[in-house]
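Q: Please take a close look at one buried loop residue and its surroundings, and then work outward to the helices, cavities and pockets of the model.

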Amino acid sequence: MFRRIFGIETEYGLSTGHRGLSPEDVARELFRPVVEEYSSSNVFLRNASRLYLDVGAHPEIATAECDSLPQLIAQERAGDAVVDGLARRVEKTLDTPIYLFKNNLDSVGNSYGCHENYLISRGTVLKTLGRQLLAFMVTRQIICGAGNIDGGFRFSQRAEQVWEGVSSATTRSRPIINTRDEPHADSTRYRRLHVIVGDSSMAEPTLALKVGSTLLVLEMLEEGYPLPGWELADPIAAIRAVNKDSHAPLSLTDGSTLTALELQSALCEAAEEWLGQRPEDKNLSAVVDLWRRTITALETRDYSGIEREIDWAIKHSLLERYRQRLDCGWDHPRLAQINLAYHDIRPGRGLARVLEAKGLIRRWSTEEDVLQAANTPPQTTRARLRGEFLSRARELGAPVTADWLRLKVNRPEPQFIELGDPFAAIDPRMDDLIAYMEEHHGR
């Protein structure tokens, strides 16, 4: 399956400069215009993404179904723009600054997620695939972590917050890979691989590497390409050790040891060889190039070649400059402030966005790409159908319901279709559904 559907769910941290307002108060204000328009705080937008208020007063955006990395990046950045737009409105209403952070930890240690979704074949045994992926996922943080301060510099924020390798739970045990069978597609043909261990990415090349490397490893596993069968003796102990040191020895079930760096280097080498055997994809070629350069940076401990592309390296460089200037340890409160400000999504205020505007963080998208993605769904997946349906319903004022799988006109007589194939961007049944909507709700 060389063409694959995938998407990102991002939970945002929410804060305000007003001591009298709780995050719950601000969240209610943030979603007030959404509720006024849709009578719900859980809605699908015209670009076919899903906006909702998650538990813990976290705004969340789930991108529409994507089938290319540039498409995903533009859609993910469009999600930032949507929630930032809500925050700007509330700032005027409440006369206080609102901060939205695309990170994974708050100041008291609560964690919120960035979840990745990958469509896989129903014939794939998810638990088996999860075990095969586990060593890759445990060590992936060294190439695409967001960076953190926790008694010293760490690769990842999320790595300290997982408690199980592969599980059907999401919050109780917080596994690395979630096996709950919820495909949001034809369940006789597809499964959804739900990965909840990754950090939210601020730098677009980091997001490309996080998702692109995972796509390549999935491809190789599904196509039977020979990969090392490494199985970690204790994945949770390993993910904690890797977070502190990419050179830390990790125990395997066969009694041997290897490092995260050795494991990622071997997988990157396999991906380099695999690229020569699969259909050409310039985006995945760029991913593997960045993967290799990140490994080289870790081997040499010279991060200069990736400090405009990889979040943890960008942040490490920034924090080290302040450490030298302040002549301090990692526990200085100014460093904690910088660590958080890096994830502020507001252009012109958040450190990552300021660095990006100055050309110090590279981009895969343009502002035009993001603007288009905010208003237009991906045109090569079923998201196109959902977006077209919702846009026409909005024009007509028609009462409709939509979710990942179904599109429904509610009145006068309910009419609906199921979109079981996420790859299908054209469906003749849509013409009939829209015609029914226009006949009964046309103006």
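A: In this predicted model, Ser-200 sits in the loop that joins strand S12 (190-195) to H6. Ser-200 has a relative accessible area of 2%, under the 20% limit, and is therefore buried. Leaving aside residues up to four places away in sequence, Ser-200 touches Thr-10, Lys-102, Asn-103, Asn-104, Gly-113, Cys-114, Ala-146, Lys-210 and Asp-311.

One of these contacts, Cys-114, is itself buried, again with a relative accessible area of 2%. The search for disulfides over the whole structure returns 0. Cys-114 accordingly has no disulfide partner, and the nearest cysteine sulfur, belonging to Cys-144, is 9.8 Å away. A disulfide needs sulfur atoms within 2.5 Å. Another cysteine, Cys-328, also counts as buried, at 18% relative accessibility.

Cys-144 appears again in the lining of the largest cavity. The count of cavities of 30 Å³ or more comes to 3, and the largest has a volume of about 90 Å³. Its lining includes Val-197, Gly-198 and Asp-199. The lining also takes in Met-137, Arg-140, Gln-141, Cys-144 and Gly-145, together with Ser-156, Ala-159 and Ile-239. By class, 5 of the lining residues are nonpolar, 4 are polar and 2 are charged.

Ile-239 of this lining is also one of the buried residues of H7. Helix H7 (residues 235-244) has 7 of its 10 residues buried, so the rest of the structure largely encloses it. Those buried residues are Pro-235, Ile-236, Ala-238, Ile-239, Arg-240, Val-242 and Asn-243.

H6, at one end of the loop that holds Ser-200, is among the elements that cover the buried residues of H9. Helix H9 (residues 282-300) has 19 residues and reaches 27 Å from its first C-alpha to its last, close to the 27 Å expected at 1.5 Å a residue. Its buried residues are Asn-283, Leu-284, Val-287, Val-288, Leu-290, Trp-291, Thr-294, Ile-295, Ala-297 and Leu-298. An α-helix has 3.6 residues a turn, so residues three or four places apart point the same way. Besides H6 (204-222), the cover of the buried residues of H9 includes helix H3 (69-94), helix H4 (126-139), helix H5 (141-144), helix H8 (260-275) and helix H10 (311-326).

Turning to the pockets, the second largest has a volume of about 480 Å³. It is lined by 18 residues, and Tyr-38, Val-43, Phe-44, Leu-390 and Val-400 lie nearest its centre. Two or more lining residues come from each of helix H2 (32-38), strand S3 (42-44), helix H14 (383-396) and strand S15 (400-402). H14 gives the largest share, 4 residues. The lining divides into 10 nonpolar, 4 polar and 4 charged residues.

H14 itself has 14 residues and reaches 20 Å from its first C-alpha to its last, close to the 20 Å expected at 1.5 Å a residue. Its buried residues are Ala-383, Leu-385, Arg-386, Gly-387, Phe-389, Leu-390, Ala-393 and Leu-396. They pack against S3, S15, strand S16 (406-409) and helix H15 (428-441). Leu-390 is thus listed both among the buried residues of H14 and among the residues nearest the centre of the second largest pocket. After H14 comes Gly-397, whose phi is positive, near 70°.

Key
Residues numbered from 1 in each chain as written. Predicted model: local features only at pLDDT ≥ 70, side-chain atom pairs only at ≥ 80, totals over all residues. Heavy atoms only, no water. 1 Å grid on protein atoms, 1.4 Å probe; cavity = no way out; pocket = protein on both sides within 12 Å on 5 of 7 lines; lining within 4 Å. Points joined across faces, edges and corners; volume = space filled by probe spheres on them. Nonpolar A, V, L, I, M, F, W, Y, C, P; charged D, E, K, R; others polar. Expected span 1.5 Å × (residues − 1). Buried < 20%, exposed > 50% of the residue type's maximum accessible area, 1.4 Å probe, protein only. Contact = heavy atoms within 4.5 Å.
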